[in-house]
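I opened this notebook to record what I looked up in one structure, entry by entry. The entries run from charged pairs to cores, cysteines and surface.

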Amino acid sequence: MEDLILKQKKTVLLVSHNIRQVQRICTRVLLFEDGRLLADGPTQEVCQTFFEKSDQEIYDREAAHGGGFQIVNGFELLSLSMHSPDGRRLTRVRVNEPVNIRIHYRNTDALDQPKFGIGVHTSDFLYLTTYDSRHEIQMETVEPGEHEAVCHITRLPFTPGVYSLRLGVSSGGVEKTIFYGENLLNFQVVGEERFRNVAGSEGLILLDAKWQQLA
């Protein structure tokens, strides 16, 4: 399709839910919902409308209903939450601010050499990052009971929008996954206009950088 559209200059009608593919190869986009035309215009403008609408619906649904967790392999995730460094629970985080992710869990069996991995993905399940505990939590055994692990994030580098957390837990010298879940906690990143200008259409990660004119 890219060859037809970009090189052969053919007119192609693409019907797709893959918005990032649409962003990459289309020059005009029509957005429909329940058979109604919501938007018709330049690619980045209409795709951004879709992302903002989708993100808000996810955020509103999460706020109204919350999340539910299940017991897997003797591991029960009791809560997954985000907090400011001073302990305030967060659902919105400002661009580039620090945040702590708290994992409150119960294990019915002893966990040998547990490892935790936190990941972030977009509302359309584009994986953005993963960070695990293997070099920072080195415990031989976690006895049965309720426990908590915390991932301290120095700076959250995502552009404004709604994102989701995923969590994986493994145990043993030869790692065995005992828990894995996606879309466990939705959170909103907010920021001033200069950050919103690049959200979605020009990227999802903000560089820790600055410009300088030399001459």
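**Salt bridges**

I began with R106, which is partly exposed, with a relative accessible area of 30%. I was working on a predicted model throughout. I then looked up the partner of R106 and found E146, with the closest N and O atoms of this salt bridge 3.0 Å apart. Because E146 lies in strand β12 and R106 in strand β7, the pair ties together parts that are 40 residues apart in sequence. For E146 I noted a relative accessibility of 47%, so this residue also counts as partly exposed.

I looked up a second pair, E148 and R102, whose side chains meet in a salt bridge at 2.8 Å, N to O. Here E148 sits in strand β12 and R102 in strand β7, so parts of the chain 46 residues apart in sequence are tied together. I recorded E148 as partly exposed at 44% relative accessible area, and R102 as partly exposed at 26%.

A third salt bridge that I looked up joins E175 to R134, with 2.7 Å between the closest N and O atoms. I placed E175 in the loop between β13 and β14, and R134 in the loop between β10 (127-132) and β11 (141-142), so that distant parts of the chain, 41 residues apart, are linked. At 39% relative accessibility E175 counts as partly exposed, and R134 is partly exposed as well, at 34%. I also noted that salt bridges with shared partners join E76, R106 and E146 into one network. My search of the whole structure gave 8 salt bridges.

**Nonpolar cores**

I next asked which residues have the most contacts inside the largest nonpolar core. This core has 32 residues, and the answer is L80, M82 and L165. I listed the strands that each supply at least two residues of the core, and they are β4 (75-83), β7 (99-107), β9 (115-122), β12 (145-153), β13 (161-171) and β14 (176-190). Of these, β14 gives the most, with 6 residues.

I then followed L165 outward, leaving aside its neighbours within four places in sequence, and found L80 and M82 among its contacts. The list for L165 also includes I101, I118, V120, L184, L185 and F187, together with residues such as H121, E182 and N183. Apart from this core I found another one, of 11 residues, with V22, V29, L31 and A39 among them.

**Cysteines**

I looked for disulfides and counted 0 in the structure. C26 is in no disulfide, and the nearest cysteine sulfur, in C47, is 7.6 Å away. Why does the sulfur of C47 form no bond with the closest cysteine sulfur, in C26? The two sulfurs are 7.6 Å apart, which is too far for a bond, since a pair would have to lie within 2.5 Å to be taken as a disulfide. I noted that C26 is buried, with a relative accessible area of 17%, and that C47 counts as buried at 3% relative accessibility.

**Strand β1 and R28**

I asked whether R28 is buried or exposed. R28 is exposed, with a relative accessible area of 54%, and I placed this residue in strand β1, residues 28-33. Leaving aside neighbours within four places in sequence, I found R28 in contact with D40, G41 and T43. I also noted the C-alpha to C-alpha distance from R28 to V46, which is 8.5 Å, with their positions 18 residues apart in sequence.

**Surface patch**

I looked up a nonpolar patch on the surface and found M1, L4 and V12 in it, with about 230 Å² of accessible area together. V12 is in the loop between α1 (2-7) and α2 (19-25), and I recorded V12 as partly exposed, with a relative accessible area of 32%.

**Whole chain**

I closed with totals, and counted 4 helices and 14 strands in the protein chain. Of the 215 residues, 40% count as buried. The accessible surface of the chain comes to about 13400 Å², and 50% of that belongs to carbon and sulfur atoms. Among contacts between residues at least 6 apart in sequence, I noted that 64% join residues at least 24 apart.

Terms used. Residues are numbered from 1 along each chain as its sequence is written. This is a predicted model: local features need pLDDT of at least 70, side-chain atom pairs count only at pLDDT 80 or more; totals for chains, interfaces and linings use all residues. Side-chain values use heavy atoms; hydrogens and water are left out. A nonpolar core is a set of buried Ala, Val, Leu, Ile, Met, Phe, Trp, Tyr and Cys residues joined through side-chain atoms within 4.5 Å. Buried means under 20% relative accessible area, exposed over 50%, partly exposed in between (1.4 Å probe, protein chains only). Contact means heavy atoms within 4.5 Å. Patches are made of residues with over 30% relative accessible area and no salt bridge: like charges are joined within 9 Å, nonpolar side chains (Val, Leu, Ile, Met, Phe, Trp, Tyr) within 5 Å. Accessible areas come from the Shrake-Rupley method with a 1.4 Å probe; for residues, only the protein chains shown count as cover. A salt bridge is a side-chain nitrogen of Lys or Arg within 4 Å of a carboxyl oxygen of Asp or Glu.
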